[in-house]
Amino acid sequence: MSLLSEIERRRTFGIISHPDAGKTTLTEKLLLFGGAIQEAGAVKSNKIKKGVTSDFMEIERQRGISVATSVLAFEYKGIKINILDTPGHKDFAEDTYRTLTAVDSVIVIIDVAKGVEEQTQKLVEVCRMRNIPLIIFINKLDREGKDAFDLLDEIEQKLKLIITPLSFPIGMGFDFKGIYNFWEKNINLFSGDSRKNIEETIEIEDINAPELDSLIGETAANILREEVELVTEIYPNFEQEEYLNGHLHPVFFGSALNNFGVRELLDCFIEIAPKPQPKESDTRLVFPDEDSFTGFVFKIHANMDPKHRDRLAFIKIVSGIFKRNTPYLHVRNNKKMKFSSPNAFFAERKQIVEISYPGDIVGIHDTGNFKIGDTLTEGEILLYKGIPSFSPEHFKYINNADPMKSKQLAKGIDQLMDEGVAQLFILEINGRKVIGTVGALQFEVIQYRLEHEYGAKCIYENLNVHKACWIEPEKSNKDELTEFKLVKSRFLAKDKLGQLVFFADSAFTLQMTLQKYPSIKMHFISEFE
Ligand code: G4P
């Protein structure tokens, strides 16, 4: 197959949700449709399976949280689907943000009873900033939940999205009878145990057919007809162009656990979801169908084998064909590298691949050469943009607890930062090291990993910082900046790239500082134009 047709048939996306909304369950059902796994209704063993196959780190298994982002690929109706799994736990949100730089679209899961939850709100905000096309799946319709129209309102308001339902539920919870599918213009009736057989749903073609009354009862049938009319009146018509631009977001209803509404979602997804998209670099926009291979590292998994300090760097292929044993330029290091055993991921297996296409993810064994955001090319000097660091929410001094192991500690910290586990800042005034994380849990992860992987011990010391603000000196008034640096010297640090950062100890201080030094350009993410 040609490069072009391989690109056409690829869909790379992520699933995001608040924990417990059903991400794991939906992922499993999608794999089931793709024939990538065989056990229908294997959700019960899912957590165990997840532990064995998609979490590589010992610590993840210990904590039972899917800390890491994994890749699951499968084929469905001739389409190669790559799902980039994202940790739902809020402490690992930064992992999810980074994964969002490697997807072309996203499915958002919302629990019908809980509605829009905090984590969903945050993650959708990041998607909105990038205009990522979103499909919303409202899950757990087999349970009592919020009224469908109320929920659609809530999504519009809290997620600030323009939406249009492409399916609509018939009843809910105990009375859940099925789904009207606007996309396929048919009805699927819920048989209650569709878990046993994924094709076991009844289809009828016409909403006005008397057959519907006899199947779901006259009252339910009439309510559905009214609701369908209302949906058609209230919500915009679905336009694929609008969806692809990130301006209109289709909504589906279903029950992942009961495998209901999942096929509808998947069938629509493969038709409308974007194929691999061009990506902006520091020099130009790179198109997937260009002859030369380019790609970037969006994730590093460490501790694949606790006995060795080996890591797997996940590379998203942006353009051209990636070939095994071919020398590629590691742009940041200006070094040619060959990869003898690049891994591709097929559902639960990983296997060495000879070639991969745009949209695909390959995992490369790394001995410490890669950092998050690194670019590989066939020789062109370009760096992919769009893996910024967000301001951490928790800050602590990190101190050496074992003077004999200071080298190990320094190396450990360095490598963990390259992986993007947390951010390191060095205080300008005294050179002390400060670790900043999105979640409190990462401090434990770092401590555990420093000890088990590097043989180093650390202790933390509290530090009161509300936000890290990146300063852009070139765009700030020189005199003001000099004064600011003098007055705030105790609160200034450098990040890993040597960029100047101001630690504001409270929202109030931040506001006062912004007022006092209006010309100083401050950013809350590390990458700015
Ligand atoms: P997550 O990855 O987003 O955190 O969610 P996960 O799929 O693990 O689902 C969280 C819980 O919600 C699980 O129950 C799962 O079975 C349940 N669930 C998922 N989809 C549906 C659905 O459509 N209907 C209903 N009623 N429940 C659903 P659990 O009790 O936490 O785990 P388990 O013991 O069932 O595995």
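The exercises below, each with a worked solution, concern a predicted model of a single chain.

**Exercise 1. State how many helices and strands the chain holds, what share of its residues is buried, and what share of its contacts joins distant positions.**

Begin with the secondary structure, which comes to 15 helices and 31 strands. Turn next to burial, where buried residues make up 57% of the 529 residues in the chain. Finally, take the contacts with a separation of 6 or more, of which 72% are accounted for by residues 24 or more positions apart.

**Exercise 2. Work out the strand order of the seven-stranded open sheet, and explain which strands stand at its edges.**

Step one is the order, which reads β2-β3-β1-β4-β5-β11-β6, with mixed pairing. Step two follows from the ends of that order: β2 (71-76) and β6 (163-165) each have a single partner strand, so one side of each is left without a neighbour in the sheet. Step three adds the twist, which averages 25 degrees from one strand to the next.

**Exercise 3. Describe how β4 and β5 are joined, and identify the helix that lies across them.**

Strand β4 (residues 105-111) and strand β5 (residues 134-139) run parallel and are joined by six bridges. At the level of single residues, Asp111 has Asn139 in β5 as its bridge partner. The helix to be identified is α7 (residues 148-159), which lies across β4, β5, β6 and β11 (249-253) and runs at about 160 degrees to β6.

**Exercise 4. Compare Asp20 and Lys140, two residues with positive phi, by their place in the chain and by whether they are buried or exposed.**

The background to the comparison is that most residues other than glycine have a negative phi. Asp20, with phi near 80 degrees, is found to depart from this sign, and its place is the loop between β1 (10-17) and α2 (23-33). Lys140 likewise takes a positive value, with phi near 70 degrees, and is found in the loop between β5 and α7. For the last step, the cut-offs are under 20% relative accessible area for buried and over 50% for exposed. Asp20 therefore counts as exposed, at 57% relative accessibility, whereas Lys140 is buried, with a relative accessible area of 16%.

**Exercise 5. Characterise the packing of α12 against α13, from the geometry to the residues that meet.**

The geometry comes first: helix α12 (residues 406-418) and helix α13 (residues 441-454) pack at an angle of about 120 degrees, with their axes 10 Å apart. That angle makes α12 oblique to α13, and the crossing of the two helices is right-handed. The residues come next: from α12, Gln408, Leu409, Lys411, Gly412, Ile413, Gln415, Leu416 and Met417 take part, and they meet Ile446, Arg449, Leu450 and Tyr454 in α13. Sorted by character, the residues of this contact divide into seven nonpolar, three polar and two charged.

**Exercise 6. Establish which strands pair with β25, which residues stand opposite Ile426, and why β25 is largely enclosed.**

First, four bridges join β25 to strand β26 (residues 433-437), and these two strands run antiparallel. Their hairpin has five residues between the strands, and Gly431 takes a positive phi near 70 degrees in it. Second, β25 is also joined to strand β29 (residues 492-494), again in the antiparallel sense, by two bridges. Third, Ile426 has Lys433 in β26 as its bridge partner and stands opposite Lys494 in β29. Last, four of the five residues of β25 (residues 423-427) are buried, so the strand is largely enclosed by the rest of the structure.

**Exercise 7. Determine how the two faces of β7 are covered, and place Ile223 relative to Ile170.**

The starting point is that side chains in a regular strand alternate between the two faces of the sheet. In β7 (residues 167-170), Ser167 and Pro169 lie on one side and Phe168 and Ile170 on the other, and all are buried, so that both faces are covered. This strand pairs with β8 (residues 178-181) in the antiparallel sense over four bridges, and Phe168 stands opposite Tyr180 in β8. As for Ile223, its place is in helix α9 (residues 218-234), and with a relative accessible area of 44% Ile223 is partly exposed. Although Ile223 and Ile170 are 53 residues apart along the chain, their C-alpha atoms are separated by 8.5 Å.

Key. Residues are numbered from 1 along each chain as its sequence is written. Side-chain values use heavy atoms; hydrogens and water are left out. Two strands pair if DSSP finds at least two bridges between them. Axes are lines fitted to C-alpha atoms, for helices over the stretch in contact, and angles run from 0 to 180 degrees between N-to-C directions. Contact means heavy atoms within 4.5 Å. Angles under 35 degrees count as roughly parallel, over 145 as roughly antiparallel, 65 to 115 as roughly perpendicular and the rest as oblique. A crossing is left-handed if the near helix is turned anticlockwise from the far one by less than a right angle, and right-handed if clockwise. Ala, Val, Leu, Ile, Met, Phe, Trp, Tyr, Cys and Pro count as nonpolar, Asp, Glu, Lys and Arg as charged, and the others, Gly among them, as polar. Buried means under 20% relative accessible area, exposed over 50%, partly exposed in between (1.4 Å probe, protein chains only).
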